[in-house]
Amino acid sequence: MNLAVDGGKLLYALGVAFALGALVYFTRDVVFGLSVTVTALLLFVGFLAAFVAGLALDRDALDVVAYALSGLSYLVGVGYVLTRYTVGETGTFLLLGVSAALFLGLGYAVREHDLAVDGRTAQFVLVGTLAVSGVFVGADAATGGVTYTTELDDETTARLTPAEAAEPRSAVEVSVGTVVARNDSPFTRPIDLPSGRACAVGVDTQRVTDRLGLRYDPRPDGTPLAGGGERSYELQVIVPTPAGNETSVTYGIERGESCDVRRETPTILLVDSEKTAE
């Protein structure tokens, strides 16, 4: 049995595998802070650049590596578009069908008609793709990101049923304000709603009152915000209620820097909240 391994091809395979990992990580929107639009564009530009490089290379296996990188970039780009945009079942079918036709056509042209480009043409294409990428990345950086404005209510009322009011450690979800996400740039961008915590003070309860998490309605589902658009979310907090038989408790709502404060009346404090505006 011949167990000899071509070291060069093994290294090529490892390079392609790591390239796939890099492409997938790139789509997580955590490295460069790019918009959804520009991220998708760069993936498809990478497909074009790698494909043209494959057409220009004539060394053994290097053209195959370039085609593999091209295909991976396109595949990740299609997956990114399908997960970040609402294209629907028909749109998904059409995108996959067009992609299949594209690669079948490219494969036929390369294999049956010896499609190729010379080195000079390949250089022009690569320089052009870099220039286009630079323009869009620059425009992306210049137009800023999504801004968040938080408007808090003056007070909120927790309403309970008689059975809930009789429980010594009841809790109820209340609305404390509204968060508006606004995208003033022309590019679609991901939404990262403000994080933070809330605490309830001035209420006689044994619950831990400095670990009240913030919630949003509607719940964030990862849908990005189109350029020029805005979206509103109701800001909610699950608050403790005093032991006793009260069926409603009214809380004042304030911003604060710490939960280590005292209030004479039930109060919800929002502290450590990021990306919010007064």
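**Close-up 1. An open sheet of four strands, paired in the antiparallel sense.** In this predicted model, the strands follow the order E1-E3-E6-E5. At the edges stand strand E1, residues 146-152, and strand E5, residues 214-217. Each of these has a single partner strand, so one side of E1 and one side of E5 are left without a neighbour in the sheet. As you step from one strand to the next, the twist averages 35°. A handy reminder while looking at this view: strands of a sheet pair through backbone hydrogen bonds, in either a parallel or an antiparallel way.

**Close-up 2. The pairing of edge strand E5 with strand E6.** Here we stay with the sheet and move to E5, one of its two edge strands. E5 pairs with E6, which covers residues 230-240, and the pairing is antiparallel, over four bridges. To find your place, look for Asp217: its bridge partner in E6 is Glu234.

**Close-up 3. The largest pocket, lined by residues including Phe26 and Leu42.** This pocket has a volume of about 220 Å³. Its lining is made up of Ala22, Leu23, Phe26, Leu42, Leu43, Gly46, Ala50, Leu69 and Ser73. Three helices each give two or more residues to this lining: H1 (7-26), H2 (36-56) and H3 (62-84). Helix H2 gives the most, with four residues. Sorted by class, the lining holds seven nonpolar and two polar residues, and no charged ones.

**Close-up 4. Thr27, a buried residue in the loop between H1 and H2.** Thr27 sits in the loop that lies between these two helices. Its relative accessible area is 16%, and because buried means under 20%, Thr27 counts as buried. Leaving aside residues up to four places away in sequence, Thr27 touches Thr39, Leu43, Val76 and Tyr80. You may recognise Leu43 from the previous view, where Leu43 is among the residues that line the largest pocket.

**Close-up 5. The second largest pocket, with charged residues in its lining.** About 190 Å³ of space lies in this pocket. Going along the chain, its lining residues are Asp29, Gly33, Leu34, Gly145, Val146, Tyr148, Arg189, Pro190, Ile191 and Asp192. By class, the lining has five nonpolar, two polar and three charged residues. This view also leads back to the sheet: Val146 and Tyr148 are among the lining residues, and edge strand E1 spans 146-152.

Methods: Residues numbered from 1 in each chain as written. Predicted model: local features only at pLDDT ≥ 70, side-chain atom pairs only at ≥ 80, totals over all residues. Heavy atoms only, no water. Pairing = 2+ DSSP bridges. Axes fitted to C-alpha atoms, helices over the stretch in contact; angles between N-to-C directions. 1 Å grid on protein atoms, 1.4 Å probe; cavity = no way out; pocket = protein on both sides within 12 Å on 5 of 7 lines; lining within 4 Å. Points joined across faces, edges and corners; volume = space filled by probe spheres on them. Nonpolar A, V, L, I, M, F, W, Y, C, P; charged D, E, K, R; others polar. Buried < 20%, exposed > 50% of the residue type's maximum accessible area, 1.4 Å probe, protein only. Contact = heavy atoms within 4.5 Å.
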